[in-house]
Each structure stands twice: as structure tokens, then as C-alpha cells.
Amino acid sequence: MDRTETDFEPTIVAMVCNWCTYTAADLAGTARMIQSPNVRLIRMMCTGMVDPKYVIKALLSGADAVLISGCHPGDCHYINGNYKARRRVKLLQEILPRFGIEQERLKLTWIGASDGNEFAATINELTKRIKELGPSAAKSTMVI
Ligand code: FES
């Protein structure tokens, strides 16, 4: 069955830091904030652990978008992991169009542990944007 724009439900992989964004996601869930069910969370100790290969692999394996989210600059529990993540995301966003993947399919945010509202809003906004973009073209070129 062909998917139309109206029934397209994107798959979004979120690689989130244990100390900040994962806690915010937990807070959003326990507070029953309304959030899109399209996100698959991957809990990591720090955004500095997100190898660019993980992002490319996720996008080539069926994810329509990847969100990386962690502690605000200056708050990383491993001092500079989030700065490493920021540099990697910038480079990935330059490389992704060569794979036919729009830059908007990779997003980096900083969401603190007490920001459940911000987590839910980020998820809802990203899901809306990816629905507008449609399915990732990389899905059709997947070789598994
Ligand atoms: S510990 Fe949260 S981004 Fe490094």
C-alpha cells in the first residue's frame, strides 16, 4: 500500500544523554504530557558517545530522522561531550545531503533534566516537521 502524506508516520530515533534529556523524557512521560509516539529513545551516557556512524546507520536503516539531545553547554557530566556532539552534528549535516538525506533529518538540542515540557514540545515539533518532509529517500536505497 502506498503511503499518502496524511497517513505517513515517521520513525524518529532519539539518542539522548542519561543525565539530562533522558530524565526530561521520563518526566514528560510520568507527567503524562502529550507527545508524539513516533520516537524511539536510545539512552546513552553522554551525547559525546554518539558516533557519526550510529546516525548514518539509523538513517540508512529506516529512520526518517535522528534527534541527538543532551545537557546544555557547560553542564555535560563528562565535561565536553556535548561540545564533541555539536561538532559532529555540524559535520554530519554537511555530509548527509551527499547520501540524499536532508539536513533537517538530523537535529541537535539541549534539554535539561527538569525540562519535560521542552522535551515533549521538541518531539512534537520534530514529528510535525518530518511529516511535512515525508519519508526519507534513504529508505528506498537501503541495502540490508
Ligand atoms: S553528560 Fe549529558 S551531554 Fe554529556
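The following exchange goes through a predicted model, asking what supports the words used for its parts.

Colleague: How do you know what the order of helices and strands is along the chain?

Modeller: The chain has four helices and four strands, and reading along the sequence gives the pattern β-α-β-α-β-α-β-α.

Colleague: What makes the radius of gyration of the chain agree with that of a compact globule?

Modeller: For 144 residues the globule rule gives a value near 15 Å, and the chain has 15 Å, so the two agree. The C-alpha atoms fill a box of roughly 45 × 35 × 20 Å when this is taken along the principal axes, and buried residues make up 42% of the 144 residues. As for contacts between residues at least 6 apart in sequence, 79% join residues at least 24 apart.

Colleague: Why is strand β1 called largely enclosed by the rest of the structure?

Modeller: Strand β1 covers residues 12–17, and six of its six residues are buried, so the strand is largely enclosed by the rest of the structure. Both faces are covered, with I12, A14 and V16 buried on one side and V13, M15 and C17 buried on the other.

Colleague: In which sense do β1 and strand β2 pair, and over how many bridges?

Modeller: Strand β2 takes in residues 39–44, and β1 pairs with β2 in the parallel sense over six bridges. Within this pairing, M15 stands opposite I42 in β2.

Colleague: Why is N82 called buried?

Modeller: Buried means under 20% relative accessible area, and N82 has a value of 1%, so the word applies. N82 is found in helix α3, which spans residues 81–95. Leaving aside residues up to four places away in sequence, N82 touches C46, T47, C71, H72, P73, G74, C76 and W110.

Colleague: What makes M45 partly exposed and neither buried nor exposed?

Modeller: The relative accessible area of M45 is 35%, and because the term covers values between the 20% limit for buried and the 50% limit for exposed, M45 is called partly exposed. M45 lies in the loop between β2 and α2. Its contacts, again not counting residues up to four places away in sequence, are with C17, N18, W19 and Y78. The C-alpha atoms of M45 and N18 are separated by 4.9 Å, although these residues are 27 residues apart along the chain.

Colleague: How do you know that R32 is exposed, and what is its phi?

Modeller: Exposed means over 50% relative accessible area, and R32 has 75%, so R32 is exposed. R32 sits in the loop between α1 and β2, and its phi is near 55°, a positive value in a residue other than glycine. Most residues other than glycine have a negative phi.

Colleague: Why is I79 also called exposed, and where in the chain does I79 lie?

Modeller: With a relative accessible area of 69%, I79 is over the 50% limit and is therefore exposed. I79 belongs to the loop between β3 and α3, and its phi, near 70°, is a positive value in a residue other than glycine.

Colleague: What can be said of the surface and of the charges of the chain?

Modeller: The accessible surface comes to about 8,000 Å², of which 55% belongs to carbon and sulfur atoms. The chain has 18 positive and 15 negative charges, and the mean positions of these two groups are 7 Å apart.

Notes. Residues are numbered from 1 along each chain as its sequence is written. This is a predicted model: local features need pLDDT of at least 70, side-chain atom pairs count only at pLDDT 80 or more; totals for chains, interfaces and linings use all residues. Side-chain values use heavy atoms; hydrogens and water are left out. Helices (H or I, at least four residues) and strands (E, at least two) are DSSP runs, numbered from the N terminus. The radius of gyration is taken over C-alpha atoms; the globule rule is 2.2 Å times the number of residues to the power 0.38. Buried means under 20% relative accessible area, exposed over 50%, partly exposed in between (1.4 Å probe, protein chains only). Contact means heavy atoms within 4.5 Å. Accessible areas come from the Shrake-Rupley method with a 1.4 Å probe; for residues, only the protein chains shown count as cover. Lys and Arg count as positive and Asp and Glu as negative; His and the chain ends are not counted. The place of a charge is taken as NZ of Lys, CZ of Arg, CG of Asp or CD of Glu. Two strands pair if DSSP finds at least two bridges between them.
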